[in-house]
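Student: Could you walk me through this structure, one piece at a time? I'd like to begin with a helix and then move around.

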Amino acid sequence: MADTETPDPADEVEVVEADPEVTDSEPSPDDQKLVLARDVLPAQLPIIPINDRPLFPKMTVPMILDDEPLIKMLIGIAESESRFVGLVLQRRSEEDEPSEGRVHTGDLYDIGVVAEINRMAQFESQPELHVMLNVLDRFSIEGFVQESPHIIAKVHYMFESEMTDNQELKAYSVSVIKSIKALVKLNPLYKEELSIFMSHSNLQDPGRLADFAAALTTSSGEELQDVLKTVRIRERLRKVLVLLKREIEISELQVKISNDIEQKMSSTQREFFLREQLKAIKKELGIEKGGKETEVERFEKRLEGLTLSEEAETCIKEELEKLKMLEPTSPEFNVTRNYLDWLTVLPWGVFSKDSLDIARAETILNEDHYGLEDVKERILEFLSVGILKGNISGSIICFVGPPGVGKTSIGRSIARSIDRNFFRFSLGGMRDEAEIKGHRRTYIGAMPGKFIQAMKTCKSANPVIMLDEIDKVGASYRGDPASALLEVLDPEQNCEFMDHYLDVRFDLSNVFFICTANQLDTIPRALLDRMEIVKLSGYILQEKLEIAKRYLIPKQLKKHGLKRSQVTITVRALREIIDGYAREPGVRGLENHIKKIMRKVTKRIVKSDVKKVKVDVADVVEFIGQRLFVDDNYYTIPRPGVVMGLAWTSMGGDTLYIEAAKVKTGKSGFKQTGQLGDVMVESSEIAYTYVRSFLNDDEAARKFFETNSIHLHVPAGATPKDGPSAGITMAIALYSLVFGIPVKRHLAMTGELSLTGLVMPIGGLKEKAIAAKRAKVKHLIFPAENKKDYDELPDHIKKGLTPHFVQTFKDVVDICFGRKRS
């Protein structure tokens with residue numbers, strides 16, 4: 001059995017169905033009596049869907065309509081005697097937005113309000129219809145008569161009965177009124193709405209009061225619709241009170257936020273006014289000058305210790321006069337001030353005093369670097385010239401070598417040895433010419449180029465500037481930085497270097513420029529001609545061992561918070577690391593492995609409370625893993641058709657094997673594999689042709705070529721290879737295959753072969769010699785014209801090597817196989 005509740009008389013409403021037929025005939029005298037409005041409301045209403053919020057009875061609301069069917073419908077109603085429409089809230093879609101387009105009957109709530117058209121207007125310039133509506137009473141939709149072009153519904157009206165004297169409803173009404181007063185105090189905007197309500201209503205009417213209070217809140221459309229459909233006045237008042245309490249909390253929070261913001265703004269404004277008053281007082285007392293005067297004095301003071309060129313002096317005077325004429329609020333004022341700031345901060349005629357002590361310079365270079373004797377010798381020669389002249393003039397040196405051989409660090413040592421300021425920046429990936437020569441001042445955010453910025457940072461006109469990665473300068477639609485460098489690195493032009501931003505010539509001729517590069521091939525020839533090339537070939541095992549002991553290990557001990565007494569890396573362990581893990585020409589890989597060992601040692605000391613850790617050769621695998629490099633000599637036993645060659649790469653020298661194999665096919669053939677470049681392919685074809693020609697008088701050899709297809713391969717097929725120095729190596733591999741005789745052990749060679757059998761000279765001899773020494777090679781075959789290059793090698797590189805210099809292929813055969821096949 002469903003629970004029932006005995007209604008309070010004050011909660012009762014009268015649900016009346018309107019009379020469907022209203023006649024136009026004149027009433028009889030007996031029928032002439034007062035007729036209430038509820039008795040003439042139509043039983044069917046055209047429906048206007050509304051969005052966001054429902055409307056409540058006894059409200060007067062304006063409305064603007066732009067829907068063509070609704071506009072036609074309202075115009076038709078306005079011309080009839082029945083000027084009533086229904087207003088029903090439209091349900092929201094799943095996206096929490098009112099559904100768009102034609103409204104379906106299922107999109108409407110069941111409860112709405114009936115309204116009478118009060119006024120209506122449509123302007124010629126606007127398609128919208130402006131309507132003023134008087135909302136009368138609630139109704140419930142009982143069904144739909146029409147859906148298109150507009151909705152017409154059959155409705156039942158819900159009229160509120162006359163109120164009885166009910167104390168509980170009075171209590172609810174008083175609570176609602178108090179809440180409304182609290183809202184008015186918090187937000188004065190509600191005051192106007194309350195005044196309008198008071199002028200048209202009686203606060204003693206609880207139903208009307210509940211509707212007004214609900215309409216006053218900012219609650220959602222669904223919550224207000226819930227109030228609208230609540231027929232019982234007591235329940236309606238209870239729901240409205242909940243909405244009012246929440247509205248009061250929101251208003252209190254808004255007031256608190258507003259007060260906080262106003263307090264902060266008041267504090268900021270007060271501080272601003274006080275500062276302005278303080279400035280005015282100081283200016284009156286002569287304690288402080290205006291911003292413009294202060295800037296001018298600051299620039300003039302900077303100029304006192306400078307030796308300006310005539311052009312710079314004229315330009316600065318003109319700009320100072322312009323600055324005095326400009327108002328600080330003018331945009332041009334900031335542009336001129338920034339320009340003067342750069343002009344006056346540069347070290348015009350300011351030079352640091354050079355140290356001309358060659359013994360001190362040599363000591364510093366030896367302290368900072370082990371080996372590199374040829375580089376140190378060149379630097380000391382440069383300093384010697386400066387000592388005789390009395391000053392060290394600008395110079396341009398380019399260090400070329402593989403990564404990690406000390407190109408950048410030796411530049412710092414040079415600056416320290418001659419007591420000059422040092423500035424380094426990288427050219428790698430630079431694509432904008434403005435990075436070198438600056439932006440023109442017409443652009444917003446314009447700045448001088450890197451060289452003028454270096455002058456400002458160093459505060460002297462004769463610093464050491466290092467240009468790293470000069471071989472990696474790019475070019476784009478913004479310009480070619482390499483071409484812009486031509487002026488900077490030309491001793492005949494850089495005395496009048498013109499930066500686009502300064503637009504005044506600055507002397508860079510006293511700057512010591514040091515460039516670094518990994519290879520010369522990508523440096524433009526015009527730029528290369530302006531630099532003196534100094535090659536750093538890399539380090540052999542013994543040199544790396546000394547560098548590790550003298551520099552790398554002490555450096556990493558300090559970085560990891562360790563003491564020498566806590567960790568020991570034996571010489572045998574270092575040799576194993578260098579040979580098995582760090583065979584590159586530089587020492588970066590070696591340093592990284594030492595870092596790894598230090599980290600593990602630190603963890604062991606902290607975790608296990610060990611006092612000292614010793615790393616020997618047997619512990620290397622535990623600390624840094626398995627060897628990365630195996631012995632280069634794959635072939636412990638010499639085999640016919642296999643010969644070791646020497647190659648040069650941007651990473652330094654390297655060894656590689658040339659392998660030749662035969663396949664008996666009954667006809668001649670030749671192919672190459674191993675990702676060979678065009679030059680190496682041509683070298684292999686020349687070698688094949690020349691060896692066949694060289695052995696043409698040998699019947700057995702001639703028959704071998706006629707009946708066998710030969711395959712020439714260079715291992716490590718995933719690595720591209722190219723270069724002009726593998727000719728004799730390929731030819732000897734073919735010769736060895738033909739006669740089935742292996743070459744001598746511990747022998748490697750390099751040299752290009754001509755089609756007539758001459759051995760042509762090669763480059764990178766030092767790097768190749770270092771690679772051969774690392775691979776434990778004892779005999780080297782070089783072209784005869786490279787003997788002068790070999791003689792210049794340091795003794796510690798030549799130690800243990802036996803060079804053989806050859807002019808023809810016959811000489812190579814004699815060295816590889818003895819006199820048997822000569």
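Tutor: Let us begin with helix α14 (residues 450-458), which lies across β9, β10 and β13 and runs at about 150° to β9. Helices (H or I, at least four residues) and strands (E, at least two) are DSSP runs, numbered from the N terminus, while axes are lines fitted to C-alpha atoms, for helices over the stretch in contact, with angles from 0 to 180 degrees between N-to-C directions. This is a predicted model, in which local features need pLDDT of at least 70 and side-chain atom pairs count only at pLDDT 80 or more, whereas totals for chains, interfaces and linings use all residues. Residues are numbered from 1 along each chain as its sequence is written, and side-chain values use heavy atoms, with hydrogens and water left out.

Student: OK, and in what order do the strands of that open sheet come?

Tutor: The five strands follow the order β9-β10-β13-β8-β14, with parallel pairing, where two strands pair if DSSP finds at least two bridges between them. Because β9 (422-426) and β14 (532-535) each have a single partner strand, they stand at the edges, and one side of each is left without a neighbour in the sheet. From one strand to the next the twist averages 20°.

Student: Which helix touches β8 as well as β9, β10 and β13?

Tutor: That is helix α12 (residues 407-417), which packs on the sheet and whose direction makes about 175° with that of β10 (464-468); contact here means heavy atoms within 4.5 Å.

Student: And how many bridges link β8 and β14?

Tutor: Strand β8 (residues 395-400) pairs with β14 through four bridges in the parallel sense, and V400 stands opposite K535 in β14.

Student: Switching to pockets: how much space lies in the second largest one?

Tutor: The second largest pocket holds about 640 Å³, a volume being the space filled by probe spheres set on grid points that are joined across faces, edges and corners. A pocket is an open set of points on a 1 Å grid over the protein atoms alone, where a 1.4 Å probe fits, with protein on both sides within 12 Å along at least five of seven lines, and its lining residues have an atom within 4 Å of a point. Of the 25 residues that line it, the closest to its centre are H369, G406, S409, K555 and V587.

Student: Which helix gives the largest share of that lining?

Tutor: Helix α12 does, with five residues, and α10 (358-368), α12, α17 (541-559) and α19 (588-608) each supply at least two.

Student: New topic: is L55 buried or exposed?

Tutor: L55 is buried, with a relative accessible area of 15%, the cut-off for buried being under 20% with a 1.4 Å probe and protein chains only. L55 is found in the loop between β2 (44-50) and β3 (60-65), and, leaving aside residues up to four places away in sequence, L55 touches I50, V61, M63, L87, V113, V135 and L228. The C-alpha atoms of L55 and L228 are separated by 8.3 Å, although these residues lie 173 apart along the chain.

Student: L87 is in β4, so what covers the two faces there?

Tutor: On one side F84, G86 and V88 are buried, and on the other V85, L87 and L89 are buried.

Student: And which strands does β4 pair with?

Tutor: β2 and β4 are parallel, with four bridges, and P49 stands opposite V88. Strand β5 (residues 111-121) runs antiparallel to β4, also joined by four bridges, and L87 has V113 as its bridge partner in β5.

Definitions and conventions
Buried < 20%, exposed > 50% of the residue type's maximum accessible area, 1.4 Å probe, protein only.
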